[in-house]
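Here is a short briefing on a protein and the ligands around it. Keep the sequence and the 3D view open as you read.

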Amino acid sequence: AKKLGRNNSQLFAEEMHHEALNQLTLEADLRRALIQEEFLLYYQPQVEISTGRIVGLEALIRWQHPKLGFVPPDQFIPLAEEIGLIAPIGQWVLQTACIQHQSWQAEGLPPLRIAVNLSARQFHQSQLIKIILQTLEATEIDPQYLELEITESAAMQDVEFTIQTLQELREMGLHITIDDFGTGYSSLNVLKHFPLNTLKIDRSFVQDIVENSSDAAIAQTIVALGQGLKLQVVAEGVETPQQLSFLRSIHCDLAQGYYFCPPVPAIEITQLLRQSDFS
Ligand code: C2E
Ligand code: CA
Ligand code: CA
Ligand code: CA
């Protein structure tokens, strides 16, 4: 009722103020989040379609905000990039994932590849190689078990840079994946120069793969491309048995999604791995 007396532009200004305030609060909170240990890593299994075995895990960051609860990464990762916080956050993710891998190893669990997402800014950061080397050294993780996911659009920002950086990372023995593949308009002529291990089919194509013949054709084309280039192909966002059987029929290698398991805390992965028969 109080607002009725004001005109639209006043209301708009108030809303803008409110939004700006939210943004500022979130920024200030994000700056403190690392120190206050509000970040967590969740892990989501990647399953080999032909055998049903878990072969890898994708690490996904979670922010447990003291007042707001879980803030989704889609909301704070872009903000962290904007305000220059992605480097320390990214370093924390890398380190935490490697330490977790080490502790699963110490428990005698079978070694699984752990995939870490690199944002565009992080990928272009000059310290990247050095930080990865330091982390590998400190955690003594075998580099073949560390997978880096770089989005297709980040990889296409500066092709020369990407080729050179990926070459260095591959020489270090890391596993390289192009994430969200199919959404970033990479030319095949460029793609063939990227030293890669894996292509990850974007969830937007998997979602309607059963009903939508265009999406089915795109997925099938990506799998064929992967086979031609000798790359592994992963489908993300698999939610139903119908999606899975379609992916099996086109010989997609790996699948990841709620159908198997949502992203879960490390402890739940430990339990899952203890139950699994890896013989
Ligand atoms: P992404 O790398 O494409 O990650 C896949 C997203 O799909 C995750 O969302 C995951 O929880 C979700 N997902 C997995 N299976 C299913 C499914 O079956 N159905 C549906 N609808 N969704 C599924 P999440 O964890 O919210 O992450 C969103 C994005 O935030 C990620 O997209 C990635 O771009 C970014 N992100 C997450 N963690 C990190 C991180 O540690 N570092 C960086 N730089 N970015 C991250
Ligand atoms: Ca990813
Ligand atoms: Ca993705
Ligand atoms: Ca995505």
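The points below cover the calcium ions first and then ligand 1.

This is a predicted model. Two topics stand out for a first look: how the calcium ions are held, and what surrounds ligand 1. D180 belongs to both, since D180 bridges two calcium ions and also has a polar side-chain atom 3.4 Å from an oxygen atom of ligand 1.

**The calcium ion (ligand 2)**

- Four protein residues act as donors to the calcium ion (ligand 2): E58 (OE), N117 (OD1), E149 (OE) and D179 (OD).
- These donors lie 2.1 to 2.3 Å from the ion.
- Along the sequence, the donor residues follow the spacing E-x58-N-x31-E-x29-D.
- Distant parts of the chain are linked here: E58 sits in strand β2 (residues 54–65) and D179 in strand β6 (residues 175–181).
- E58 and D179 are 121 residues apart.
- Both E58 and D179 are buried.

**Bridges between calcium ions**

- D179 coordinates both the calcium ion (ligand 2) and the calcium ion (ligand 3).
- Those two ions are 3.9 Å apart.
- D180 bridges the calcium ion (ligand 4) and the calcium ion (ligand 3).
- The distance between ligand 4 and ligand 3 is 3.5 Å.
- Two OD entries of D180 are listed as coordinating the calcium ion (ligand 4), at 2.9 to 3.1 Å.
- D180 is part of strand β6, and D179 is found in strand β6 as well.

**Polar contacts of ligand 1**

- The side chain of N117 has an N or O atom 3.0 Å from an oxygen atom of ligand 1.
- N117 is also a donor of the calcium ion (ligand 2).
- S119 uses its backbone: an N or O atom there lies 3.4 Å from a nitrogen atom of ligand 1.
- D180 places a polar side-chain atom 3.4 Å from an oxygen atom of ligand 1.
- On its own, ligand 1 exposes 800 Å², and the protein buries 85% of that.

**The surroundings of ligand 1**

- Ligand 1 takes up the space of the largest pocket.
- How many residues surround ligand 1? There are 22, and the closest are Q44, R62, R203, E239 and Y258.
- Strand β2, helix α2 (73–82) and strand β6 each supply at least two residues of this shell.
- Which element gives the largest share of the shell around ligand 1? Strand β2 does, with 4 residues.
- Strand β2 also holds E58, one of the donors of the calcium ion (ligand 2).

Note on methods: Residues numbered from 1 in each chain as written. Chains lettered and ligands numbered in written order. Predicted model: local features only at pLDDT ≥ 70, side-chain atom pairs only at ≥ 80, totals over all residues. Heavy atoms only, no water. Donors = N, O, S within 2.8 Å, 3.2 Å for Na, K, Ca; no water. Buried < 20%, exposed > 50% of the residue type's maximum accessible area, 1.4 Å probe, protein only. Near = heavy atom within 4 Å. Polar contact = N/O pair within 3.5 Å; in protein donor to acceptor, adjacent residues only side chain to side chain. Areas by Shrake-Rupley, 256 points an atom, 1.4 Å probe, with all protein chains shown as cover. 1 Å grid on protein atoms, 1.4 Å probe; cavity = no way out; pocket = protein on both sides within 12 Å on 5 of 7 lines; lining within 4 Å. Sits in = over half its atoms within 2 Å of the grid points.
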